[in-house]
Amino acid sequence: MTTQKIIHWLDENILLVLCGFLIAFIPLYPKIPLFSPIESYIVRVRMEDIFVFIAAVVWFVQYLRRKILIKDKLVVGFIAAYAFAGLLSIISAVLITKTVPLEAIHLGKTLLHYFRYLEYFVLFFLTMSAIKSRQDFKVLLTVIVITVLGVSLYGFGQKYYYWPVYSTMNREFSKGIRLYLTEHARVQSTFGGHYDLAAYLVIVLPLLLSASYFTLKRRVAILLYLVFIFGSWLLIMSASRTSFLAYLVGTALVTTIGAFIQKDWWSKFKWGLSRMSLLGIVVFILMANFGSDMYERFLQVLEGYPAANQMYHQANAQRKEYVQSSIVYLQDRGLFIPGLLPKAQKPTHGVEIDNNEGIAIVPSDQRPVTEKPDEKNRPSDVYVDVPEIVPVASTSASGSAIVVLTERERVFSECALNRGLSLCIRLETLWPKAIEGFKRNPLFGSGYATLNKDTTYHFTEAESTDNNFLRTLGETGLFGFITFYGLVLVLCAYAYKLIKDRSGWGVILGIGFISATIGLLINAAYIDVFAASKVAFTYWALAGILVSYYWLHHQPAKAKIASKPKKVRLK
């Protein structure tokens with residue numbers, strides 16, 4: 001191939017190449033920071049931001065050259081409306097509610113979050129513009145499958161071979177400190193936290209399951225299902241309860257919708273029963289053999305319900321008996337050899353994530369216990385006594401008034417003692433603050449990065465509401481909430497039309513997208529998933545693929561014109 005042909009091919013396919021690269025790179029590359037745009041703040045600039053910016057410039061150049069078209073004005077209109085809502089929210093926060101002081105550090109933090117949301121939409125525009133044929137769609141789907149496999153393999157290495165962990169669970173970790181997992185720490189793979197990893201899997205696993213159900217090639221279907229199982233194992237190892245429930249709903253929805261599009265009622269019943277039974281067996285085996293940490297975390301929720309708690313202990317006893325009998329059965333037949341995999345040695349360089357280490361520790365990395373570790377009165381999900389640091393007025397040696405920091409025993413609320421600290425932080429602090437932000441200005445909210453502040457001039461190191469719906473309402477009000485989730489509803493409507501059309505690959509994409517979206521919305525009730533970079537980039541990339549395929553299917557003539565501009569012969 002000559003240089004001229006290579007340049008021509010690259011010019012025609014540059015966006016597809018960039019999309020494939022970003023869809024793989026963003027989940028696979030650890031969250032290692034380059035620099036901090038705002039000192040003392042947890043949000044940092046990383047390699048993915050640089051590559052997304054370059055891709056956005058390339059897209060804009062191609063748009064100016066009329067090499068691409070805005071395929072769907074309705075979806076783009078919703079994105080523009082949300083961007084406008086966010087801008088009005090910032091103006092309102094500065095001039096009306098005055099929740100954002102007109103100072104560089106506070107205004108800069110608010111603008112940083114605003115532009116991060118806009119940055120996430122770049123992947124939507126890229127994938128929407130890159131796909132010019134059904135073959136392009138298959139290419140990006142293949143990249144997603146390979147990426148899930150890569151993320152799962154890295155998670156396996158983290159769990160059993162001490163592969164590095166780069167976490168953003170606190171500000172010190174987010175500096176790029178190299179960590180490694182202890183025996184019962186939750187797997188994060190290439191993500192900055194186990195919650196982000198689990199939310200990513202909630203998006204991609206329903207798509208993989210849908211593809212394995214409806215692809216015509218049997219070998220490809222088997223391969224896809226094996227990758228799906230590997231990804232399911234990784235989700236269980238993340239031990240994220242909300243994401244696991246979202247995964248169960250999403251995968252069950254894939255199977256249910258797939259059953260309903262079969263020809264007759266007997267086919268619907270037979271198809272649905274066989275797939276649902278296989279899915280149930282897979283989940284049961286994975287949970288029975290690898291779900292002990294997940295079981296314990298679910299048990300924390302059940303401690304306030306004696307009847308359910310008793311049922312759990314009975315089921316758990318049966319699970320342990322099943323696992324033990326299975327091992328004995330396989331050992332007797334020479335099919336199970338303990339220690340078959342070589343035992344890895346702990347790395348000499350790196351910090352261990354465990355509660356025995358004072359500096360590199362988050363409480364959730366310790367294996368949960370169903371009983372309180374001592375006689376002290378503390379919540380069931382608190383394993384280590386961490387004293388509360390409080391300012392106390394004092395007098396210096398010279399007699400002047402000073403403020404010193406001192407430690408005191410932490411006191412927990414009645415809610416935390418009965419329901420657990422994790423839930424009650426949300427119920428008593430995070431969610432009420434988001435509602436207060438909404439009440440300050442129901443139309444535009446109180447502005448980005450304002451919901452965790454105690455006072456107007458309070459500078460917080462991180463932002464979290466742990467409920468994406470309340471966070472959107474609190475930060476951007478009804479205008480931002482309606483435009484953002486209205487966009488999600490429009491995308492689901494497109495996915496439904498593809499399912500209704502039964503257009504081959506469109507069925508795979510439509511069922512996968514609806515199931516992934518519903519799973520992600522369930523996850524959003526407990527985690528700010530749409531604010532997590534690796535999760536948001538992946539979701540909006542998938543949304544762009546959906547819109548592009550819908551546009552190709554419903555307007556093939558215009559798609560052909562867009563992909564290959566008509567040449568005009570000059571006389």
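Q: Is the crossing of helix 6 and helix 7 left-handed or right-handed?
A: This is a predicted model, where local features need pLDDT of at least 70, side-chain atom pairs count only at pLDDT 80 or more, and totals for chains, interfaces and linings use all residues. Residues are numbered from 1 along each chain as its sequence is written, and side-chain values use heavy atoms, leaving out hydrogens and water. Helices are DSSP runs (H or I, at least four residues), numbered from the N terminus. The crossing of helix 6 and helix 7, with the near helix turned anticlockwise from the far one by less than a right angle, is left-handed.

Q: At what angle do helix 6 and helix 7 pack?
A: Helix 6 covers residues 194–214 and helix 7 residues 218–238. Helix 6 is roughly antiparallel to helix 7 (over 145 degrees). Their axes (lines fitted to C-alpha atoms over the stretch in contact, with angles from 0 to 180 degrees between N-to-C directions) are 9 Å apart, and the angle is about 160°.

Q: Which residues of helix 5 make the contact with helix 16?
A: The axes of helix 5 (residues 134–161) and helix 16 (residues 533–554) come within 10 Å and cross at roughly 160°. The two helices are therefore roughly antiparallel to each other, and their crossing is left-handed. On the helix 16 side, the contact (heavy atoms within 4.5 Å) is made by I545, Y549, L552 and H553. Helix 5 contributes R134, F137, L140 and I144.

Q: How far apart are the axes of helix 15 and helix 16?
A: Helix 15, residues 505–524, packs against helix 16 at an angle of about 145°, and the crossing is left-handed. The axes are apart by 11 Å.

Q: Which residues of helix 16 meet helix 15?
A: Helix 15 brings W505, G506, L509, F513, T517 and L520 to the contact. The residues on both sides divide into 11 nonpolar, 2 polar and no charged (Ala, Val, Leu, Ile, Met, Phe, Trp, Tyr, Cys and Pro count as nonpolar, Asp, Glu, Lys and Arg as charged, the others as polar). From helix 16 come V535, Y539, L542, A543, I545, L546 and Y549.

Technical notes. Angles under 35 degrees count as roughly parallel, over 145 as roughly antiparallel, 65 to 115 as roughly perpendicular and the rest as oblique.
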